[in-house]
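Me: I would like a close look at one part of this structure, described in connected prose. Please start from the ring contacts and work outward to what surrounds them.

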Amino acid sequence: MIQTHWRDLGALDGPVLAFGGPYSNLHATEALIVEASRLGVPPGNAICTGDVVAYCGSPAETVAAIRDWGCAVVAGNCEEQLAAGAADCGCGFEEGTVCDALSAEWYAYASARISNEVRRWMAATPERIAFAHRGARWAVIHGGATDVSRFIWPGQRDVIREEIAALEAEAGPFDGVIAGHCGLAFIEEVDGRLWVNAGVIGMPENDGTRDVSYCVLDEVPVLHRLTYDTAAAAKAMSGRATPYAAALRTGRWPSEDVLPPDLRRAVAAE
């Protein structure tokens, strides 16, 4: 169980780097750490929106890289489920979808490689993070405030309004919210507040490119793309019966049925 509800980082000076979903992708994680150094962002100004462990081939190594780096981490559904010793990822996939079926393989693979000490670390990660930056107050969550595994997509203004209201009922007004989970990076303004999905670094955005996404908050939040060694990341998944290795190479998800119909693209042949 998650033991710490909120963590307040206080006032952060300089650029803040937010990212989600390392997803057991050690190569992408290492590339992001190098990129943060290039940008002059210290670990204390880096925040992960959760799901350090998921689809890819190096769960224990990815956790170690994140912990050694020292960035802040919000609990994702994967942290919650692994910490609790649960039998599934709790990702929020609808029963019977391809994503739901595929999750059984990668979750079992990851769970078998995570130590009890790592599970205790996951249990201590906060559900929400707050910080101040350039006179604005920000909250960081994984999926939604009402449900850690809620998928919130671009254009869902009423849903975003509901989630911001839930956060503000807990902790007072915010100027912006940084979230993750859905796998797509986007920025929406709703009622004068910003909802920023920082994207994920462990999987591409189903757009036919291999690049992954993160966000830098300075004067304003800006989404960026990150190139890394996808071939090496895919090789780390060799020998497993999973199509996610191909997704790293093609930039297409194994299934689009988790997406709303208007966000689906035709799946390209590898």
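How many aromatic pairs does the count come to? Please take one of them and follow the elements that it touches on.

Reply: The model is predicted, and all values here are computed from it. The count comes to eight aromatic pairs. One of them is formed by Trp6 and Phe174, whose rings are stacked, with 5.8 Å from centre to centre and 5 degrees between the planes. Trp6 belongs to strand 1, while Phe174 sits in the loop between helix 6 and strand 7, so this pair ties together parts that lie 168 residues apart in sequence.

Strand 1 leads on to the sheet. Six strands make up an open sheet in the order 1-5-6-7-9-8, and their pairing is mixed. At its edges are strand 1 (6–11) and strand 8 (186–190), each of which pairs on one side only. From one strand to the next, the twist averages 20 degrees.

Strand 7, which follows the loop that holds Phe174, covers residues 176–179 and runs parallel to strand 9 (residues 193–197), with four bridges joining the two. Ala179 has Asn197 of strand 9 as its bridge partner.

Helix 6, which precedes that loop, spans residues 157–171 and lies across strand 1, strand 5 (128–133), strand 6 (136–140), strand 7, strand 8 and strand 9. The angle between helix 6 and strand 8 is about 75 degrees.

For context, there is also an open sheet of five strands, in the order 4-3-2-10-11, again with mixed pairing. Strand 4 (72–73) and strand 11 (221–226) are at its edges with a single partner strand each, so one side of each has no neighbour in the sheet. Strand 2 (residues 16–19) pairs with strand 10 (residues 212–217) in the antiparallel sense, over three bridges. Ala18 has Cys215 in strand 10 as its bridge partner.

Finally, the enclosed space. One cavity of 30 Å³ or more turns up in a search of the whole structure. The largest cavity holds about 210 Å³ of space. It is lined by 19 residues, and those closest to its centre are Tyr23, Tyr55, Phe93, Cys182 and Trp253. Sorted by class, this lining has 16 nonpolar, two polar and one charged residues.

Notes
Residues numbered from 1 in each chain as written. Predicted model: local features only at pLDDT ≥ 70, side-chain atom pairs only at ≥ 80, totals over all residues. Heavy atoms only, no water. 1 Å grid on protein atoms, 1.4 Å probe; cavity = no way out; pocket = protein on both sides within 12 Å on 5 of 7 lines; lining within 4 Å. Points joined across faces, edges and corners; volume = space filled by probe spheres on them. Nonpolar A, V, L, I, M, F, W, Y, C, P; charged D, E, K, R; others polar. Pairing = 2+ DSSP bridges. Axes fitted to C-alpha atoms, helices over the stretch in contact; angles between N-to-C directions. Contact = heavy atoms within 4.5 Å. Phe/Tyr/Trp six-rings, centres within 6.5 Å; stacked < 30°, edge-to-face > 60°.
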